[in-house]
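Q: Please take a close look at one part of this structure, the place where the ligand sits, and describe what surrounds it. Some words on the open pockets elsewhere would help too.

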Amino acid sequence: MILFKKSDDITLHLKRMQTDGHTIGWVPTMGAIHKGHISLLNQARKENNLTVCSIFVNPTQFNVALDFANYPVTIEKDILMLEENETDILFLPSVKEIYPQGTEQLETFPLGYLETIFEGVFRPGHFQGVCQVMSRLSRIIGADHLYMGEKDYQQCMVIKKLLEIIQSPVRLHLCPTLREPDGLAMSSRNMRLTEGERKNAVGIHRTLMEMKSSIRPGSLEEWLLRAKKTLSSFDFKVDYIAIADASTLMPITEWDGIQKTVALAAAFQHEVRLIDNMRMN
Ligand code: AMP
């Protein structure tokens, strides 16, 4: 694996490889690499001759300073996992490298209602931060294919929109969520859970499964209230649990039995905020 820290160096190297006929599959991450990230890299390797992983804990997407400060950093272990996985290239830039002019006056993107719902309500400015880093990284890397996880469902929608806005030629691939044997979605944040919190954390998956098996056409309000109660019974403090159209992400409260829907949840086990989602039909 080749490790790049400088934008100009990786841009030049990847341009040369593309001129030589290689296609580049890119997986952006914030590190603390786990099997979920590896599944994205495996998909990228199947469909490209070069796989690039970027690791950058982006300060502009954290609306709570403590969350940024507590974000797990395990870079030595990450490098070992990526090498074992035969990732070709790792991009590990500094904050100065990504934001040479600082983070005060960055571009904003017209995301519309997408940033006013769910994560957008509870993490104001988060998606602007995601777009700032993704537009910068995508220019530096210039990948042919971009792989992202449906675990962050709303983020996938936001990136789809961003790629249209910046007219990026990269092709976005959405990959399924990898889960622990008990159903908990793999996440870098899971390593911050205590033993007791880890046991309760499975409640988010159980709640989504129960929602999926009990959804019926008609009003969904009672059903959503029940879901919130189930989640709370696992000691979760709930930010939201909701259902939306699977392609537009417009929240719905009445279901016709046909519309494709996804349920989304975000909740805290004490200090640790977890998110998950599941398609309902
Ligand atoms: P992160 O490092 O958390 O920003 O995640 C980097 C990428 O990995 C994002 O596209 C995530 O959606 C994806 N990802 C995170 N967890 C999982 C998972 N359990 N299964 C599949 N993809 C994931």
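A: A polar contact here is a pair of N or O atoms within 3.5 Å. The model is a predicted one, and the distances below are computed from it.

With that cut-off, a nitrogen atom of the ligand and a polar backbone atom of M186 form such a pair, at 2.8 Å. The protein buries 92% of the 480 Å² that the ligand exposes when taken alone. Two further contacts involve oxygen. One oxygen atom of the ligand lies 2.9 Å from a polar backbone atom of G149. For D152 the partner is in the side chain: an N or O atom there is 2.6 Å from an oxygen atom of the ligand.

These three residues also appear among the nearest neighbours of the ligand. The shell around the ligand holds 16 residues, and those that come nearest are M30, G149, D152, L178 and M186. Sorted by class, the shell has eight nonpolar residues, six polar ones and two charged ones.

As for the space itself, the ligand occupies the largest cavity. Three elements each give two or more residues to the shell around the ligand: strand 2 (24–29), helix 2 (35–47) and strand 5 (145–149). Helix 2 contributes the most, with three residues.

The open pockets can be described in a similar way. Rolling a probe the size of a water molecule over the atoms shows where empty space is left.

The largest pocket has a volume of about 280 Å³. Its lining consists of 15 residues, and V64, D67, F268, E271 and R273 are the ones nearest its centre. Helix 3 (65–69) and strand 11 (272–279) are the elements that supply two or more residues to this lining. By class, the lining of the largest pocket has seven charged, five nonpolar and three polar residues.

The second largest pocket contains about 210 Å³ of space. This second pocket is lined by 15 residues, with I55, F56, V57, V73 and L92 closest to its centre. In the lining of the second largest pocket, twelve residues are nonpolar, two are polar and one is charged.

To return to the ligand, its place is the largest cavity, where its polar partners include the backbone of M186, the backbone of G149 and the side chain of D152.

Conventions
Residues are numbered from 1 along each chain as its sequence is written. This is a predicted model: local features need pLDDT of at least 70, side-chain atom pairs count only at pLDDT 80 or more; totals for chains, interfaces and linings use all residues. Side-chain values use heavy atoms; hydrogens and water are left out. A residue is near a molecule or strand if one of its heavy atoms lies within 4 Å of it. A polar contact is a pair of N or O atoms within 3.5 Å; within protein, one must be able to donate a hydrogen and the other to accept it, and residues adjacent in sequence count only if both atoms are side-chain atoms. Accessible areas come from the Shrake-Rupley method with a 1.4 Å probe; for residues, only the protein chains shown count as cover. On a 1 Å grid over the protein atoms alone, a cavity is a set of points where a 1.4 Å probe fits but cannot get out, and a pocket is an open set with protein on both sides within 12 Å along at least five of seven lines; lining residues have an atom within 4 Å of a point. A molecule sits in a cavity or pocket if more than half of its atoms lie within 2 Å of its grid points. Helices (H or I, at least four residues) and strands (E, at least two) are DSSP runs, numbered from the N terminus. Ala, Val, Leu, Ile, Met, Phe, Trp, Tyr, Cys and Pro count as nonpolar, Asp, Glu, Lys and Arg as charged, and the others, Gly among them, as polar. Grid points are joined across faces, edges and corners, and a volume is the space filled by probe spheres set on the points.
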